[in-house]
Amino acid sequence: MSTAVPPGADPSRAIVPTDVLSSSPPSAAPPAVARPEHASAPVRRTTERTAEPSAERTAEPAAEPRSRTGFRRDIEGLRGVAVLSVLAFHAAVPAFTGGYVGVDVFFVVSGFLITGLLLARPIGLWDFAARRARRILPAAAVVLVATALAGGALLDPLRGTDLARDLIAAAGQVANWRFVGQQTDYLAAERDPSPLQHFWSLGVENQFYLLWGVLLIGLARLRAGRRRTAAITASTLAVGAVSLLLCIRWTAGSAPLGYFSTASRLWEFAAGGCVALAAPALTARLARGGRAARLGGPVLRVLGWAGAAALVVAVLRYDRNTPFPGAAALLPVLGTAALLLAGPAHRPLGAGDAGRLLATRPLRAAGHLSYAWYLWHWPVLTIAQARWGALPWTTLVALTAASAVPAWLTMRLVEQPLRYGSSPAPRRGLAVGASALVIPLIAGLTLGGGTVRALGDPDSATVAPAGAVDGPALFGPGTRVLALTPSLARAREDFPPGKGCEIPLGADTSPRCLFGTESSPDRIVLIGDSHAGQWISAALALADQRQWALEVLVKPGCPLATLTVRNSVLGRTFEECDRWRENTLTRLASGPRPRLVLMAGLNRYGGQDERTEGWTRTLDRLSALGAPLAYLGDTPMPGKDIPTCLAGSDGRSDACFFPRDTAFERDPLIDGGLADRYGVRVLDVGPLLCPGGGPSCPAVLEGVILYRDTGHITDTLARVLAPRLDHALLGPGAGPGVGPGSAPR
């Protein structure tokens, strides 16, 4: 997909450290506020602390006292494990295929600590918001501004435009919802990952803080004593149960929504909150002595190691094909909860405890730096690969390690001074937070304005030149294009009409989607996946010429050939595709006979034998309709984002050539003889879009940008090719199997 993603790393699993106020356990006594720790993140961090409170801690305002006995070193080490696992995953380190579960660890820890804090000490909502703002926003603002500067200097204008939009969403703490929208949209599914994609988890965490602060502080004011605890417990369980159900459902039906949305992640925070609610009762029980106290230590020790084993299994056995989060997230979430419950809040930390391992200095060092390190590492990795192409995992590891330097500087010079050196008054914290929001917003707007000026007006209309009806030339005689068409500013958005016709992954029935003369009894049916949808404008020209209707039956990622495929976004067998195909073929058989059934699609599903068998089964059913059948051979597959490549090549289109030997696959209809067997009219534009016999295919032909992403043609090209489709598929003398597609590739 994109060269900006480390090999084997799924950009949709770019994660960010969660933030925590304290690493002390919730208890009846006011917990010690955590030292300048970082937000936990679904990625990595590093830095170390001594076992004793540092001078930096003692310099903390009196309003936030620390307790040497309350600080939990095992939680700091747990953060270190989580961040290192995510960093290893993003750097594509072999074996760490499930390192993305680190984000789940951080969410649970945040839920545990924030719930414990709100239970243990009375605090106002404004005070709570001010503490969160001082803790999270300044370091994030530094990284956002630095990324804007680096992106403006090192990225091409198209990537810069995307980065500016992502920066505004990240500064507004809604990055997760931007990526939900982008990654559930097939039109954006093949773009490179954003340098700010990891800010999705920071958005989730801040939205959790808002909800949890209002909920717990509100309940604390309405209830007291045991009634207050009971109300908070019931609310936590209810929120967690509903969120878990949504998580499982959305992961199965819309993986980006399940992964990035706040509602599907709240149950992980609630799991930590449940541990915080249970811990005081457990502490009291063990303090009574007797048999429960004697058995408590060994039982908690086993529980801790079971939790550690669960995390290890998830990190080493999960991979990008695991449907996640869904039910699979229960393993790391429950493992983290077990480690938190088994920690030294209730008893001394023994040599046989898992917490003793977590409390080692290297892991605590990683945990201490985690927030800033996580914020810095992903922009470094993505911008480096956008600039220099895919890099080996050893280089990615070196870049990740190097990103610890700006992370450490950010922690020492920004994060800690603003957190501990400023007035504890809420208005000061809120002022710091407001500044940390406004400055990145200004940077994003400035970056966006600069890229728009560099690219030109993206809203300017594109006039498609007149295309040739046949022959080796793209245009008719005398037609010339003097500038790139569509413009670089518009190429990525040069989509076909009828975006709503391409149904989402979870749907198994196409809506009524008609174009042209909708009332006409005659219609052309365009059927297939998104590689069929790219031809809507050309098919509409055929229908308009005859005052027919055009019916569009398209499902992205779903082959028309009868074969079952796996969907990488859903992370499972694409059952909805099989149901959609069956429903669509039944719908065609039961409706009025079309004047033409126009088939198209990506020619890369399954192996060659599977494709041949699948097409045979589908053509058996379509030929029974008695309608003429036509087939558009698949267009060449560049395998890289062509508009981005052109924007970064200083106008040299030859820099964006791609190999011919990877651009095509053997086609069962054209190369395997199925078109002749079933009397299918064929148009293969492959030889036209990749002319000659050289090793490469062009990205620009006669001034027209051919592709809007890594594999779909621009709508401008589809309109240019409309006369060719008309002539080959419906023109005079066009017979079964006839068309300019017989030439060898």
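**Close-up 1. G601 sits in the loop between strand 6 and helix 22.** Like every view here, this one comes from a predicted model. Is G601 buried or exposed? With a relative accessible area of 10%, G601 falls under the 20% cut-off, so it counts as buried. Leaving aside residues up to four places away in sequence, G601 touches D529, H531, A532 and D634. Look for P559 as well: 42 residues separate P559 from G601 along the chain, yet their C-alpha atoms are 6.6 Å apart.

**Close-up 2. Strand 6, helix 22 and strand 7 make a right-handed β-α-β unit.** Follow the chain from strand 6 (residues 596–600) to helix 22 (residues 608–623) and on to strand 7. The two strands run parallel, and 3 bridges join them. To find your place in this pair, look for M599, which stands opposite Y631 in strand 7.

**Close-up 3. Strand 7 (residues 629–632) has buried residues pointing both ways.** In a regular strand, side chains alternate between the two faces of the sheet. Which residues of strand 7 point the same way as L629? Y631 does, while A630 and L632 point the other way, and all of them are buried. Now turn to the partner strand 9 (residues 681–683): strand 7 pairs with strand 9 in the parallel sense, again over 3 bridges. Here Y631 stands opposite V682.

**Close-up 4. Zoom out, and you get an open sheet of 6 strands.** The strands come in the order 1-3-2-6-7-9, and their pairing is mixed. Which strands stand at the edges? They are strand 1 (514–516) and strand 9, each with a single partner strand, so one side of each has no neighbour in the sheet. From one strand to the next, the twist averages 25°.

**Close-up 5. Helices 20 and 28 each lie across several strands.** Helix 20 (residues 536–546) lies across strand 1, strand 2 (523–528), strand 3 (549–554) and strand 6. Its direction is at about 155° to strand 3. Helix 28 (residues 722–730) lies across strand 2, strand 6, strand 7 and strand 9, and it runs at about 155° to strand 9.

**Close-up 6. Helix 14 has a bend in it.** Trace helix 14 along residues 361–388 and stop at S370, where the helix bends by about 65°. How many of the 28 residues of helix 14 are buried? The count is 23, which means that the helix is largely enclosed by the rest of the structure. Just after the helix comes G389, with a positive phi near 85°.

**Close-up 7. T262 is tucked into the loop between helix 9 (255–260) and helix 10 (266–287).** The relative accessible area of T262 is 9%, so this residue is buried. What does T262 touch? Apart from residues up to four places away in sequence, T262 touches N176, W177, V204 and Q207. Take a second look at N176: its side chain makes a polar contact with the side chain of T262, at 3.2 Å.

How values were computed:
Residues numbered from 1 in each chain as written. Predicted model: local features only at pLDDT ≥ 70, side-chain atom pairs only at ≥ 80, totals over all residues. Heavy atoms only, no water. Bend = angle between axes of the 7 residues up to and from the residue. Helix = DSSP H or I, 4+ residues; strand = E, 2+ residues; numbered from the N terminus. Buried < 20%, exposed > 50% of the residue type's maximum accessible area, 1.4 Å probe, protein only. Pairing = 2+ DSSP bridges. Right-handed = clockwise from strand over helix to strand, strands pointing away. Polar contact = N/O pair within 3.5 Å; in protein donor to acceptor, adjacent residues only side chain to side chain. Contact = heavy atoms within 4.5 Å. Axes fitted to C-alpha atoms, helices over the stretch in contact; angles between N-to-C directions.
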